[in-house]
Amino acid sequence: MKDNLILRILAKLLVPLIILFAFYVQFHGDYSPGGGFQAGVIFSAGFILYALVFGLDTAEAIIPFKLLRWIASLGVLLYAGTGVAGLLLGGNFLNYSVLANTPLSGQHVGIILVEFGVGMTVAAVMLLIFYTFASRARESA
Amino acid sequence: MIDQVITLSLLVFLTITAITLVRTEGLLTMVMVFAVYSFLMATLFVVMDAPDVAFTEAAVGSGISTVLMLVTLSLTKTRYEKPVRKLQWRALVMVTAMGCAILYGISDIAAPGDGNAPVNVHVADHYIAHGQNETGVPNLVTAVLASYRGFDTLGETVVIFTAGIGVMLLLGRRRRPVTAEESA
């Protein structure tokens, strides 16, 4: 697919928009539909489009496999860590109200943090699965 | 009225897609029809005022899983499903029984927006009445997912993480032998 001009140009136009939309869904999820899970999936869909058109090697040069493993683990850690932070500050596990001065802003901080954790893990795991499958295809080719 | 027309036409399309799915033999066609099915479902969710679910269905159902199935197809040599010409009695009985069970179950599903349905009288009232005051988040779905039901969402995230680990363990990333061109 690397030689198809139309696909390459379209992908170049679309991929930044899709990834921008993913970040919008991630950080605007409190106000509009969406959240970490949807954002992660949209991000990985955009990047998979890039990998399909420009090749797996180009994609891996941008986001290496090892980095994805780190991001996937850090996402879960960020989520659970937010819960533990609430525990250490005197609340229950995953009670965000104690994270900031007022319960409301604490809730806000907590929700943004855990949603970001979900987004990181989902995006990284989807890309990990795609990389794993696609590299098998490359080996057998 | 317009809602019902849209819903009905989407359901007709869904039925057509499902029948096409059963009748096609090419696996590549099947993957594509699956994507269409998912996309129709996502549209249906939008009509039912559930944009969060529609997002997920469109991105996961017709996006990621289609790509993964395509990559899997490129790994296998099979391109066509062997057609079954003989009537399979056991399968027919099984499918009929399942269909009847599902039709029986449908009668128990609450009507959309029914405030008196058992699922809607437990904690939903509290979320709707106090959700915005307690979390400060206008999107109630996010408030329930991330705050009230934070523990469940943590579990969900861990499940996805585990799925990724499972795929990596099973399919692995064998080190690619360095070819002559690369080392040159």
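# Reading a two-chain model

User: D49(B) sits in the loop between α2 (27–47) and α3 of chain B. What is the phi of D49(B) near?

Analyst: Start with the general idea. Most residues other than glycine have a negative phi. Now the case here, in a model that is predicted. D49(B) has a phi near 60°. That value is positive, and D49(B) is not a glycine.

User: Is D49(B) buried or exposed?

Analyst: Check the relative accessibility against the cut-off. Over 50% counts as exposed. D49(B) has 68%, so D49(B) is exposed.

User: What is the phi of L94(A)?

Analyst: The phi of L94(A) is about 70°. Again the sign is positive in a residue that is not a glycine. L94(A) also lies in a loop, the one between α4 (65–88) and α5 (103–140) of chain A.

User: Is L94(A) buried or exposed?

Analyst: Under 20% relative accessible area means buried. L94(A) has 7%, so L94(A) is buried. A positive phi in a loop thus turns up here at an exposed residue, D49(B), and at a buried one, L94(A).

User: How many helices and strands does chain A have?

Analyst: Chain A has 5 helices and 0 strands. Read from the N terminus, its elements run α-α-α-α-α. Its C-alpha atoms fill a box of roughly 60 × 30 × 20 Å along the principal axes.

User: Which share of the residues of chain A count as buried?

Analyst: The chain has 141 residues, and 50% of them count as buried. Look at the contacts too. Take those in chain A with a separation of 6 or more. Residues 24 or more positions apart account for 62% of them.

User: What does R69(A) touch, leaving out residues up to four places away in sequence?

Analyst: R69(A) touches L128(A) in its own chain and M168(B) in chain B. R69(A) lies in helix α4 of chain A. With a relative accessible area of 38%, R69(A) is partly exposed. Compare its place with that of L5(A). The two are 64 residues apart in sequence and 33 Å apart in space, C-alpha to C-alpha.

User: Now the contact between the chains. What is the area buried between chain B and chain A?

Analyst: The general idea first. The size of an interface is often given as the accessible area lost when the parts come together. Here chain B and chain A bury about 4100 Å² between them. Carbon and sulfur atoms give 73% of that area. Helices α3 (51–75), α5 (124–135), α6 (140–148) and α7 (150–171) of chain B each supply at least two residues of the side that touches chain A. By type, the residues on that side of chain B are 20 nonpolar, 15 polar and 6 charged.

User: How many residues does the contact take from each chain?

Analyst: The contact takes 52 residues from chain A and 41 residues from chain B. Next, count the pairs. There are 13 residue pairs in polar contact between chain B and chain A, with both residues at pLDDT 80 or more. The count of salt bridges between the two chains is 0.

User: How many salt bridges does the structure hold over all chains?

Analyst: Side chains of opposite charge can pair when their charged atoms come close. The structure holds 1 salt bridge over all chains. Look in chain B, where the side chains of D152(B) and R149(B) meet at 4.0 Å, N to O. D152(B) is partly exposed at 46% relative accessible area. R149(B) is partly exposed too, at 37%.

User: How far apart are V5(B) and D152(B) in space?

Analyst: They are 37 Å apart, C-alpha to C-alpha, and 147 residues apart in sequence. V5(B) belongs to helix α1 (residues 2–23) of chain B. Its relative accessible area is 43%, so V5(B) is partly exposed.

User: Is S62(B) buried or exposed?

Analyst: S62(B) is in helix α3 of chain B. Its relative accessibility is 18%, so S62(B) counts as buried. A polar atom of its side chain lies 2.8 Å from the backbone oxygen of A58(B). Beyond four places in sequence, S62(B) touches A35(B), S38(B), F39(B) and E57(B).

User: What is the mean pLDDT of chain B?

Analyst: The mean is 86, and 93% of the residues of chain B reach 70 or more. For the model, ipTM is 0.89 and pTM is 0.85.

Note on methods
Residues numbered from 1 in each chain as written. Chains lettered and ligands numbered in written order. Heavy atoms only, no water. Contact = heavy atoms within 4.5 Å. Buried area = accessible area lost by both parts, 1.4 Å probe. Polar contact = N/O pair within 3.5 Å; in protein donor to acceptor, adjacent residues only side chain to side chain. Helix = DSSP H or I, 4+ residues; strand = E, 2+ residues; numbered from the N terminus. Nonpolar A, V, L, I, M, F, W, Y, C, P; charged D, E, K, R; others polar. Buried < 20%, exposed > 50% of the residue type's maximum accessible area, 1.4 Å probe, protein only. pLDDT = per-residue confidence, 0-100.
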